[in-house]
Each structure stands twice: as structure tokens, then as C-alpha cells.
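I opened this notebook to record what I looked up in the structure. The entries cover an annotated site and a set of paired strands.

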Amino acid sequence: MGRKAKFNEGEIVKKGPGKKAKKQKDPVLPKSLKAPEDSLKQLSSRQKKRVKKREEKKVELLKKRQENRKNKKKESDEKIPPPPQQDSSEEDFSEDEEMASEDDNVKVDNLNDLSDSEENHSDDSYSDEDDLLPIEKENIKLKKKQALEEKEAEAEMQLNIANQESFKFPTKESEEEVKSLQDVQQRIREIIAVLSEFSKLRDAEHSRSEYIDLLKEDLCTYYSYNDFLMEKLMQLFPLSELLEYLEASEVQRPLTIRTNSLKTRRRDLAQALINRGVNLDPIGKWSKVGLVVYSSQVPVGATPEYLGGHYIIQGASSFLPVMALAPQENERILDMSSAPGGKASHIAALMKNTGVLFANDSNKDRTKAIVGNFHRLGVVNSVITCMDGRNIPKLMKVFFDRVLLDAPCTGTGVVAKDNSVKTSKNEIDIQRCYNLQRQLLLAAIDSVNAKSPTGGYIVYSTCSVLLEENEWVIDFALKKRNVKLVDTGLGFGTEGFTKYRHLRLHPTLNLTRRFYPHEHNMDGFFVAKLKKFSNVIPTSDTSDIAEEVEEEIEEAHEISLDETVGETKSTKVEKAKKKASLNGFKAKGVNGQRQFNKKIEDQEEPSKISWEDVPKKTSVKLGKKLKTVSKKKKIGSLKSNKPDKKHLKHKNVKLVKRHNK
Amino acid sequence: MRRLSEDRTKVLFEKLAKYIGPNIKQLIERPDGIYCFREQKNRVYYVSENILKFANTMPADNIISLGTCFGKFTKTGKFKLHITALNYIAPYAQCKIWLKSSAEQQFLYGNNVTKAGLGRISENCEKYQGALVYSMSDLPLGFGVAARSTAECKMVDPLTVVCFHQSDIGEYIRSEDDLL
């Protein structure tokens, strides 16, 4: 082939400017669109009048001034010649213009006088202070202008305030209009202002609940939560705090890492990371291993230090349950739901790789993450298992010194990490969650040895802010097992609820700790530390019955979920309810207070679920998966149920007899 | 969870000897308690007897891992050392190779070590001996097989492979799912 010879080099002549150099011509506009050039010169009749008046004023002013000066000259002949007329006239002109544009003709005379007097005054001052530099004159002008602007702004403010005061409750028609987000935000603020001083600012026709409903609706649209979750949050926080919480939940918390004290020290790690271009700081006084990463030039999750196991990426809130657990060396510790192994490896680090650490998770895929993290971080004292946490006490009853239960939850505290929580959760999800949590917590308590010389502690934590998944679960455990709440030893965090709407929980629940994004700059979190004081599981006939009844009610619900015919399910539930209440009354004599509490609980739960109210559609929507699961349960429960019922009847008869005696 | 058979113990120790030589003794006779090798689903775990005692209460099917996983026996009966064993073999290594910081990243992505990336090498490394790879700041990065002896290394040109890659800590990210 070879190179192509260029025989005609230099002969090529360019033809025209080329395609790309083509220039578009100016667009041709239709005559109708063209602005008439002399439109500026044409003045409206009002403008003409104003111009006339201005000119008249000018003439008058000039005359007056001249007269003034003549008078002054007569008074003092030694004074310096008057200021250049041009300046003053200009000043007048601008002033007048402003006035004219602002007001109508009516006040003109009056204003004229005013400006005159001002003029005179300035003239006087001028004559007193000898000659002013042009800059100084400008300054005086500017100050006047500023004062005027301030006045205007103030007036506007007052107008705004007046507007706020007269917040009108929207009518149905106005509600239907599509509103912008800013309008919604404005309205949220207004409603909150009204609610804060309700008796003063309220609209007499509307009740507080109406206002609150409106607020809820607006908050739902603005922050895109579903109705249910927003209602829960509104019940949880006072209004002033609610907005802060919602606002803080939108923002991601800072990236934090935990130094692996098995392999390195925090100072060394910080130095190594700074050398790689990571901008970081200690997390706070409360932790000796935490670092906050502000910015980084390299991916923090893939540096050689990370791969070498010198640190792990972990949220600040994840430090807390482990610190509360305070594991000691040579103990037997269980982490019930440990994937991906962040907290568990923290425990191992605090134990300095001594003793035994059981890291369990029920999801087999997630245990791979535990394996990876443990080997990377050099944790060697661990046994990683994959089983249902509820089965652990069957294998290792009263075995562990400490147990950490970071229970599976709805994740309402980590909305920033997973936005789908806002809309995907409803009553049923939460109910499922706290049922599981209760069972897990009981299992955790059962597997702890109360007689352990160093321990006997259980730490329960969730990343949810809802009371149902936190205090209520603890309260349940306090009733069911021989445990008491102890101080978490964290030193900060807000106290847990002891009273919540209609619920009166155990008074020691103030020892639990809650953490919020807007207060503590971490994810929403809950930590409770329990101490087991006896290995005996308190059981009495009555509580047994109550439990069984509870189970029965739940089963009835599950059955009703499957069935599409409405009648049977409602009757079944009612039957179960009746039984519950009957049993409650029968047993009242045996253990009054306790039974009473139980009864309340029993009644509460079904009323909260209110399956009868669930329309048929939802039961269909729940999908095949759920159906199959509940069917399996149903089959199992039906099989196992028969002897139970007999047992129950037998007991009832016994009780009645006892009662009669 | 069962003891290793005689044959398998032999295979395992032969493999370990390539990297840490006579230091295997240190692994078996430790001052801080009795440690032993156990096998489950062809994986070999190195674990304290104390922990093993407790782990035996769990059903074997539910145990995913215990102590430290050293590696696995392949279907052909050979032993494959895993990166997870690094914590134990790094302190006892006989042949060490230090990488320049520029070559670190390459090695962590699974590439062999060339002469250009070689920072330092311990003396009297033999050809085809198991070698531990470190960064210049003494962070163990993985292990491989020395492709040249120390003496040969000095002579070769910069692009020659000095150490064949076997395993590196990048696997914790690259293949977390099949670490075991």
C-alpha cells in the first residue's frame, strides 16, 4: 500500500466558508411583534400631568430658594457663595420624583412644603458646616434613602404579620386547588403558629383536631410520608420538635468509621488516612474509637487500611448498644441478629479476642458479610451461626453472660438511609415487627445466665423511633420475665417514655435512652439495658391461660386473613375476644392486678389491628407470599391447636370449680 | 465439625510449610491455650479448643464459621489457602516481599508483582517458595509464590514478574460472597 502520494498538493482551493461556518441570518420578525421605537416618547395623560406639575414645582422651588438666599445674604455678607445650583436642583428633582411616583396629586402641596423645609434645614446645616465635599453630599442623600427604605420594610413587615394573624382555614373548594410546595410549607408554619397559641389565634368554627388533620395532610405532602407514619410521629413528638425531626431526617448523617482496636490505634489510623487525603475528626468525647469523615479524595471503603482491617464503616448510633453492653474479657456473649457484623466485631474488640462470641443471624446470605468482616478485622474468638434467634434458648438455655439484641425493626429512625420507609410501613408491618421483637427479647433473656459473676445483662436496641417497637417491647419483657432495667451508662440521650397517650408503662423505663437525628446528630435509635436477676421463668396458671388466649386470637386473625368471606372471620374473632374476656374475669380472683393488665393488653391488640375494618382488597393485595406463609401457619396451628383447646377447657373448668369453692 | 484425617493433615501442613516453614510449631503449641484444626464441609478452621467446646452445642448445619478459616480442600484433594488465613501466617512468614506504594493497588486488584513494583525483598528467598506480600508500611496485603529467587531478582529487567499472585485482601471486597 504505502503512503498515498499527494500529487495535487497545494492545488486544492477552498470553496466558500464551509458547511460549519455557515451563519444564520437574523430572524425576520413580523411587524406586529416589532416594538414601536417612539413608544418611549409617548406619555400617558397622567404622566404628562405629572411632568407638568414637576416643572411647575421646580420653578416655584427656584423662586423660593432665591428669595431665601437673598434674605440670608442680607443677614450675613461674609458667608461663602451658595452651592452650585445644579446639585440642589437635582436633589430636589429626585426627591420629588419619588414622591410623585408614590402618591397621587392630592398630597403634593403638603409634600412640597415638607421637602422645602427639609431643604431649608439642609441649607442651614450646610451654611454651618462650611463647604461639604461632593462625597459627603452623596452620603447625606444615601442616608435619607436608607431611612426611607427602612420605613417601607417595616410597613411591609407589619403587613405580613397582619397576614399571618389572619390565617384562614381553607374551605373545601380552595383545598382542591393544586398548590406548590412552598405554599404548603407556608401553611404548615401558619398552622403551627396557630396551634402554639390556639385560644388566641384559632378560628372559632374549627376545632383543634381539624387543624391537626390539616397539618398532618400538609406534612405528608411536603415530606412525602404516608398518613399512618406521620400520625405516629405526630403523637411521638411535640409540634415544635416534629418539624426539626422531619427536617433532620431528610439529611444523611455524617460518615463515621470505627477504629479496630485489635489491629491499630486511633491516632495511627487517623494519621494514615490523613496521608491518603481524608479529612476527619474524632467523633466526640464519648467514644475513643470513632472518627467522623468529612470529605475524602479516595473511597473510604476501599483503602488498603480498610482492606487490612484497621477500621470499619459504622454509623455513630451503632456504637451505643455495644458501649451499653460493656462486654468484659473472657465472657460468653451472644449477638442475636448480628449481620453485617459491625456491632459484633466491636464487641470482640472490647473483649480483646478472648472468651467466646456467638454471632447469629437468621439470614444466610447476610452471614457472609459477618464472615467477611470478622476475618478482615481479625476476630478469632467467634462462632458465626445462622438460625432463628427464637430457637437459641432451646439449645443454650442460661448460658451467656451478656446478650445483645439489635432487633429487626421497621427502620423509622433511619429514614435518611432508606426513603422507602416513609411510605411503605403500615399498622400490620409494625405489629409484625413488635411481635417478633417481643419473642426475640424473651429468647434473649432466656439464654442469659442470671448467676453469671460478671454479667447477666441484656441490651435491646432498634433503629426505630416508634414506641411500639421500643418501650412497649421492654415493658412486655418486664412483665414476663425476672428482669429489671438498669442505667445504660451512655451519659447522653433522651429518656424513654413512661407515659404515652393512654399507655402507662413501667416507671423505670426512663432508664432507657432514645437518640434523635435533630438532637444528637445520629440516626434515630433506642437502647435499653436489662439485668436478669433470676433464672426462674415466672409462670402461673393465669398467665398461661392469658398467653394461650392471646395466641388463639392471633390465630383467629391469621385465619381470617385468608378467608374472603367476611362473616366467618368476624364471628371467629369475636368468639376469641369473648373467650379472652371471659377468661380474664374468671381468673381475676387468682391474680387480680396482673390479670387485669393482661386483659387490657388482650383487648388492646385486636382493637388496634381491627381486622374487621380491613377491606377485602387489602387481603388480596398482601400477595401470594403472605398467603402461603399464613396458610402454613394455619395448618400448623390447627394441628397443634386441638389439644391446646382441650387443655384450655379443662383448665377453665378447674378454675370455675376453684372459684365456686 | 470433625478432626482432619491423617492424609489431609499432611497436605495442609505441607502447604503451610511453604509459607511459614518450621514456624508451624508456633501455631500448634501456643502459650495461650490449645488450638486445633477442624474440618467442616471441606473447609478447615483454626480454632481454640475452648471455643470449639461451646460451638459443639450448636447443630453443625447452623454453624457458618468459627475461629479462623484457613482454606479449603479441593475436589482433587489439594489444599487451597484462603486470604482469611493471612492473620496467622503473616507474622511467621519466611519470605517477604514489600511493594512500592504505586504497585500496591495493582496487586490488590489481583495482578502479579513485577520487578518495577518491588520495594524490598527478604534475603535467601528461594524460587517458587511461598511469599507474603506487604506494603511499605508493613501492612500485609496478601500472599503468592516467588517467581524468582532473591539473587535472580537483582538481575532481571523491570517488567519481569517477581511474584505470582495467589490471594490478596482485595478479595474481601471483590468476592465477599465466596470467601469461605
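The entries below concern a predicted model.

**Entry 1: annotated site.** I began with the record. An unreviewed UniProt entry places a "binding site" feature at Ser337(A), Ser338(A), Ala339(A), Pro340(A), Gly341(A), Gly342(A), Lys343(A), Asp361(A), Asp388(A) and Asp406(A). I then examined two of these positions, Pro340(A) and Asp361(A).

**Entry 2: Pro340(A).** I located Pro340(A) in the loop that connects β5 (332-335) with α14 (342-351) of chain A. I find a relative accessible area of 43% for Pro340(A), so the residue is classed as partly exposed. Leaving out residues up to four places away in sequence, I list Ala369(A), Ile370(A) and Asn373(A) as its contacts.

**Entry 3: Asp361(A).** Is Asp361(A) buried or exposed? I find that Asp361(A) is buried, because its relative accessible area of 7% falls under the 20% cut-off. I place Asp361(A) in the loop between β6 (356-360) and α15 (364-377) of chain A. Outside residues up to four places away in sequence, Asp361(A) touches Met336(A), Ser337(A), Ser338(A), Ala339(A), Arg366(A), Thr367(A), Ile370(A), Thr385(A), Cys386(A) and Met387(A). I note that Ile370(A) is listed for Asp361(A) and also for Pro340(A). For Ala339(A), I recorded a distance of 3.1 Å from its backbone nitrogen to a polar atom of the Asp361(A) side chain.

**Entry 4: Asn419(A).** I looked up Asn419(A) in the loop between β8 (402-406) and α17 (421-424) of chain A. Asn419(A) is partly exposed, with a relative accessible area of 49%. Between Asn419(A) and Ser249(A) I noted 170 residues in sequence and a C-alpha to C-alpha distance of 9.6 Å.

**Entry 5: strand β3(B).** I turned to chain B. How many residues of strand β3 (residues 33-40) of chain B are buried? I count 6 of its 8 residues as buried, and the strand is mostly covered.

I next traced the pairing of this strand. Strand β1 (residues 2-3) of chain B runs antiparallel to β3(B), joined by 2 bridges, and Arg2(B) is opposite Glu39(B). Strand β2 (residues 29-30) of chain B is likewise antiparallel to β3(B), with 2 bridges, and Glu29(B) is opposite Ile34(B). β2(B) and β3(B) make a hairpin with 2 residues between them.

With strand β4 (residues 43-48) of chain B, β3(B) shares 6 bridges in an antiparallel arrangement. Here Glu39(B) stands opposite Val44(B). The hairpin of β3(B) and β4(B) has 2 residues between the strands, and in it Lys41(B) adopts a positive phi near 50°.

Key: Residues are numbered from 1 along each chain as its sequence is written. Chains are lettered from A and ligands numbered from 1 in the order in which they are written. This is a predicted model: local features need pLDDT of at least 70, side-chain atom pairs count only at pLDDT 80 or more; totals for chains, interfaces and linings use all residues. Side-chain values use heavy atoms; hydrogens and water are left out. UniProt positions are given in the numbering used here, feature names are shortened, and annotations may be inferred rather than shown by experiment. Helices (H or I, at least four residues) and strands (E, at least two) are DSSP runs, numbered from the N terminus. Buried means under 20% relative accessible area, exposed over 50%, partly exposed in between (1.4 Å probe, protein chains only). Contact means heavy atoms within 4.5 Å. A polar contact is a pair of N or O atoms within 3.5 Å; within protein, one must be able to donate a hydrogen and the other to accept it, and residues adjacent in sequence count only if both atoms are side-chain atoms. Two strands pair if DSSP finds at least two bridges between them.
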